[in-house]
Every structure is written in C-alpha cells, then in structure tokens.
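Here are my notes on the model you sent round. Please read them with the structure open.

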Amino acid sequence: MDMSKMDKLVSLCKRRGFIFQSSEIYGGLNGFWDYGPLGVELKRNIKEAWWQDMVRNPPPGPDGQEISMVGVDCSIIMNPKVWVASGHVGEFADKMVDCNKCRRRFRADKVFLLRAPAVSGSEHITLAFEANSALEAGKLAQADIERLFNRRKISTNIPEVVTALDAPNDWKRPCPAEGCDGDLTEPRQFNLMFQTYVGAVQSQENIAYLRPETAQGIFVNFPNVLDSSRLKLPFGIAQIGKAFRNEINPRNFTFRSREFEQMEIEFFCHPSHSMSWYEYWRDLRKSWYTQLGIKSDRLRPREHAKEELAHYSIGTTDIEYLFPFSEEPQELEGVAHRGAYDLTQHATHSGKDMSYFDDEAWERDKATRSTNSFKEWLKTNPPKEQVDKYRFVPHVVEPSAGADRFTLAVLCEAFAEEEVNGEVRTVMKFHPRLAPIKAAVFPLVNKDGMPEIAQKIYRNLKPHFNVFYDDAGAVGRRYRRQDEAGTPYCLTVDGQTLHDQTVTIRNRDTLQQDRAAIKDLENVIRARMA
Ligand code: ATP
C-alpha cells in the first residue's frame with residue numbers, strides 16, 4: 001500500500017485538470033467525479049482504444065477465424081421489467097450494517113471484527129475495522145492488538161476474525177468509524193439501484209431505475225440486432241455507457257463511484273463452443289491491458305472458486321490490478337461465462353423468443369429429412385438433442401470492464417517521480433496511444449521568427465493529433481509541464497531550425513533529443529507512437 005503515492009496522484013489530478021470533485025464549489029457530492037481537460041482526453045482515448053481493438057478490429061478467434069462484433073448505444077432508463085427479469089430488483093442488494101450512534105452505514109462484508117479473550121472482566125475484547133480482506137484488517141489492527149496484549153488486557157495476540165455479515169449473534173459489533181463507540185445493527189438488505197419516476201406522477205407504477213449496468217440493454221436488443229444485421233453465431237455486441245449504483249461506501253478516488261462508465265461485451269455462441277470462447281476473452285482482455293502499458297506484475301487474473309460463482313455461471317475470472325491504495329489487487333474487469341441465463345430470463349419474463357435458429361446447420365442436413373419446414377419437422381417429434389442442434393438459446397461470455405477504473409489504473413501506473421540532474425520531476429508515463437496530448441510544440445525563444453514557425457507546425461499537426469502550443473516561460477519549465485501532462489514528445493523550434501528546417505524531438509521517458517525535418521514530423525510522430 002502506498003498512500004503517499006495516491007495522495008500525490010489525487011493532487012496532481014486536480015492541479016493538472018485530470019479529475020475534479022463533482023460540483024466542488026458546493027462541497028462536492030460523495031461518489032461523483034468530473035474529468036477535466038486532460039482527463040477527458042485520457043478517458044476518450046481509453047474508450048476509443050477499447051472500441052477499436054474489441055469492436056472494429058478484434059484479433060482472430062481461437063481457430064484463427066474472423067470475429068463478428070457490432071455495437072449498440074441503449075437508453076439509461078429502461079422498462080423496469082428488465083430489472084425484474086435480470087434479478088436486480090430482487091437481488092441487487094448489499095447487506096448493510098448501521099451504527100446506532102454515528103449513523104454511518106457500512107457494507108457488512110467489509111467490516112471485520114477481531115476478537116480476543118479478555119484477561120479480566122468481560123469475556124472478550126472486540127475491535128472493528130473497515131477493510132477489503134481479513135489480511136488488510138489484520139494489518140490495520142496490528143498495533144491495537146499488540147498494545148492490548150502488552151498491557152495484559154487480552155490473553156492472546158492472535159484474534160479470531162469474522163466479518164459483520166458472518167458474526168455469530170453473541171459477538172459484539174462495535175462501529176469501525178474512528179472515535180465512535182457505537183454498535184452496529186444486524187445486517188440488512190439495501191438495493192443499490194437509483195430510483196426515479198417517469199412522467200409527472202410520482203406513483204408506484206411510474207417507478208423506473210437508472211441502469212446499474214449496460215449489459216441488460218444488450219440482452220434485450222439481442223433479437224433486434226439479429227433481425228437487422230444478418231449476423232451468424234458466434235458474434236458479440238458491445239456497449240460503452242454510464243451506469244449508476246448507489247454504492248454505500250464510494251471510496252479510493254474514482255475506484256468505487258456512484259456514477260461510472262462501463263465497457264461491456266456480450267459474446268453469443270453455441271453452447272458447445274462456449275468454453276473456448278470464455279478462455280479466448282479471458283486471455284485477450286488481460287493481454288489488452290498489458291499492451292496498453294499496465295505492467296504484468298501488477299495485473300493478475302483471478303479465477304473465481306466454485307463457491308464464489310453465481311448459480312448460473314460456469315466460470316468467472318476477475319482481471320485485477322494492484323492499486324497503490326490497497327494491499328491486494330482489486331477488480332478492473334470481470335470476464336464471466338453466463339451460460340444461457342440472461343436470454344432465458346428475458347424470454348420467460350417478456351414472453352418473446354430469444355433463441356437462435358442455425359439455418360446453415362438446417363440447410364446442411366436437408367438431405368436427411370423429408371421436409372424443409374422446421375415447423376413441419378417439429379410435428380414429427382424429433383429427439384430434443386436434434387432440435388437443439390438447430391434452435392437453441394445461445395451461451396454468453398461477458399467481458400465487463402470499467403472505463404473509470406481502468407483510467408484510474410492508467411493514472412496510477414503512469415505516475416512517477418524521478419531525479420533528473422539533481423531535481424525531482426513528476427512524469428506521467430502514459431502509453432502514447434492513451435496520452436491526452438501526443439506532442440507539444442515550443443519556440444525556444446519568442447523572437448527571430450521562431451514563434452511563427454512553431455505555430456505553423458502546430459497548425460499542420462492539429463488535424464492529425466491532439467497537440468499543444470506553449471511559448472510561456474523557460475523551455476525547461478515547459479518540458480516539466482508536459483511531463484506532468486504525460487506528453488510523449490516535445491518539438492522545439494531553435495536556432496538551427498532557421499537554417500535547416502529541422503526541430504528537436506525530446507522523448508518524455510528517455511529525455512533523449514534528436515532532430516527531424518519539419519516536413520516529416522507527422523510521419524515521425526506516427527511511427528514513434530506505434
Ligand atoms: P466490485 O466487486 O468492485 O463492486 P462488481 O463485481 O460489482 O465490482 P461488475 O458488476 O462486474 O462489478 O461491473 C463490471 C465492472 O464495472 C467492474 O469490473 C468495474 O470495472 C466497474 N464498476 C463496477 N462498479 C463500479 C463502481 N462503483 N465504480 C466504478 N467502476 C465500477
């Protein structure tokens with residue numbers, strides 16, 4: 001855990017315009033964030049890289065085949081029956097505990113109770129900490145436990161640990177908030193969906209929800225996409241969009257927010273091929289992060305154990321990243337094999353057919369049948385496995401990523417402080433594809449015709465890349481400003497430019513400078529960014 005790195009990063013994000021607190025002049029709103037001029041470019045680049053690499057140009061499938069991918073952009077508010085079918089109305093709830101004194105509310109599975117036998121008086125002494133795991137809670141409690149043990153208040157320094165969710169009835173449940181001596185309630189369900197009303201009347205019938213995930217928009221449009229695009233299985237439908245969850249404890253900067261963006265794919269395939277597609281997406285999604293500069297030792301795929309899986313899921317892998325605010329890697333993306341669960345749920349609740357008819361297989365086998373009409377053929381009572389060969393509910397593999405979580409991982413990964421010539425520089429080492437500004441153009445001094453040449457270079461590059469012009473202050477200060485913005489290249493017009501029409505190109509990471517002809521700059525930058 002490196003909280004000082006996190007504090008520095010949060011302050012750089014505000015100072016340089018990556019991320020601001022939402023409605024900051026009114027004191028902000030917990031769990032809501034705004035992206036500033038640099039942040040919006042970074043997040044756009046992330047979403048565009050995802051769309052380009054997953055939707056427009058995905059790599060070949062497990063057998064080297066072309067992959068069909070299309071996109072949708074669905075409404076945030078949908079018919080509330082969608083959320084009944086998906087289970088979100090009934091189940092999308094965390095168990096919460098409330099403090100009877102400070103009134104704070106906590107997720108019951110994130111409060112850890114550490115209990116050791118008391119040497120005198122009450123039977124046990126119980127401490128409470130809010131943490132992501134028993135290990136983290138143990139670390140947070142270590143000093144307190146040692147002190148109690150050394151003062152002979154408890155008889156062992158190895159406490160029993162359970163979460164407030166699992167604590168037996170006879171355990172004390174102290175509030176984990178610092179300085180509060182209140183007690184926690186029993187765990188209670190709390191639905192995470194934001195509720196609103198559609199239309200003028202605020203009645204039960206008009207209740208609607210802000211979507212807590214983008215996936216359901218894809219599922220309910222499966223028949224529309226199928227009918228309108230003539231796609232054949234296997235194929236994927238992708239969506240990038242906002243999702244809303246009334247998280248109890250928004251925390252760790254943008255990591256857990258109440259409004260965030262998801263980048264989700266539902267990949268539909270024949271049940272018999274679903275395992276190899278699951279493995280394909282799991283491996284592809286991990287390598288995508290590595291390609292964009294996330295070091296593989298901070299990135300880890302974590303396969304869910306059987307007990308962790310949702311009842312319909314055949315397999316799930318979380319792709320996790322070790323953020324500086326945590327002892328253990330945290331989820332960036334979940335890749336889930338969801339079987340036929342979602343389409344079946346929507347078929348049941350809507351009464352609409354969500355199955356797929358494999359007309360290629362049907363045509364291929366036509367010599368084996370007396371009729372070419374599927375309806376007529378069904379009347380001959382063919383065995384179920386024969387019918388399923390032609391008409392079935394596809395299986396789904398879902399890689400579900402968070403655009404804001406990945407943006408935060410990119411910021412954490414890029415942040416570095418380095419000593420250069422006895423001075424510490426802060427530099428954001430973004431992958432050039434993600435960098436908000438690709439190149440900055442400077443005149444070395446504001447005279448001798450240098451600003452005019454630099455402005456011309458800037459104008460010529462602007463249609464091709466996000467470039468920035470800066471003529472304010474010493475050139476060293478300008479380099480530092482671009483280091484903090486994560487700009488991979490700085491182009492400087494100097495005395496030599498006036499003689500040979502070349503400029504210096506300074507590399508953000510190596511600090512090396514070389515020269516390139518002005519007329520070649522577009523190609524040179526493009527080649528270096530590749
Ligand atoms: P967590 O366990 O962290 O709450 P989750 O398992 O509920 O996440 P999913 O429902 O699988 O998350 O959502 C898919 C992705 O959406 C997550 O991997 C994450 O990147 C992103 N995401 C989910 N909740 C949030 C949130 N509150 N803030 C930011 N991103 C989120």
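The points below go from the whole chain to the ligand site and then to one serine.

1. Basis. This is a predicted model, in which local features need pLDDT of at least 70, side-chain atom pairs count only at pLDDT 80 or more, and totals for chains, interfaces and linings use all residues. Residues are numbered from 1 along each chain as its sequence is written, and side-chain values use heavy atoms, with hydrogens and water left out.

2. Overall build. The chain has 17 helices and 26 strands. These are DSSP runs, numbered from the N terminus: helices are H or I with at least four residues, strands are E with at least two. The C-alpha trace spans about 85 × 85 × 50 Å along its principal axes.

3. Burial and contacts. The chain has 530 residues, and 49% of them count as buried. Buried means under 20% relative accessible area, with a 1.4 Å probe and protein chains only. Take the contacts (heavy atoms within 4.5 Å) between residues at least 6 apart in sequence: 64% join residues at least 24 apart.

4. Surface and charge. The exposed area is about 26100 Å², and carbon and sulfur atoms supply 48% of it. Areas come from the Shrake-Rupley method with a 1.4 Å probe; for residues, only the protein chains shown count as cover. There are 71 positive and 75 negative side chains. Lys and Arg count as positive, Asp and Glu as negative; His and the chain ends are not counted. The centres of the two sets lie 3 Å apart, with each charge placed at NZ of Lys, CZ of Arg, CG of Asp or CD of Glu.

5. Ligand polar pairs. Which side chains place an N or O atom 2.9 Å from a ligand oxygen atom? Arg 245 does, and so does Arg 405. A ligand nitrogen atom is 2.8 Å from an N or O atom in the side chain of Glu 247. The protein covers 80% of the 590 Å² of accessible area that the ligand has on its own.

6. Ligand shell. Strands E13 (259-269), E16 (330-339) and E19 (395-402) each supply at least two shell residues. E16 gives the largest share, 4 residues.

7. Ser 400. This residue sits in strand E19. Is Ser 400 buried or exposed? Ser 400 counts as buried because its relative accessibility is 14%. Its side chain makes a polar contact of 2.5 Å with that of Glu 264. A polar contact is a pair of N or O atoms within 3.5 Å; within protein, one must be able to donate a hydrogen and the other to accept it, and residues adjacent in sequence count only if both atoms are side-chain atoms. Leaving out residues up to four places away in sequence, Ser 400 touches Gln 262, Met 263, Glu 264, Glu 333 and Gly 334.

Definitions and conventions:
Buried means under 20% relative accessible area, exposed over 50%, partly exposed in between (1.4 Å probe, protein chains only).
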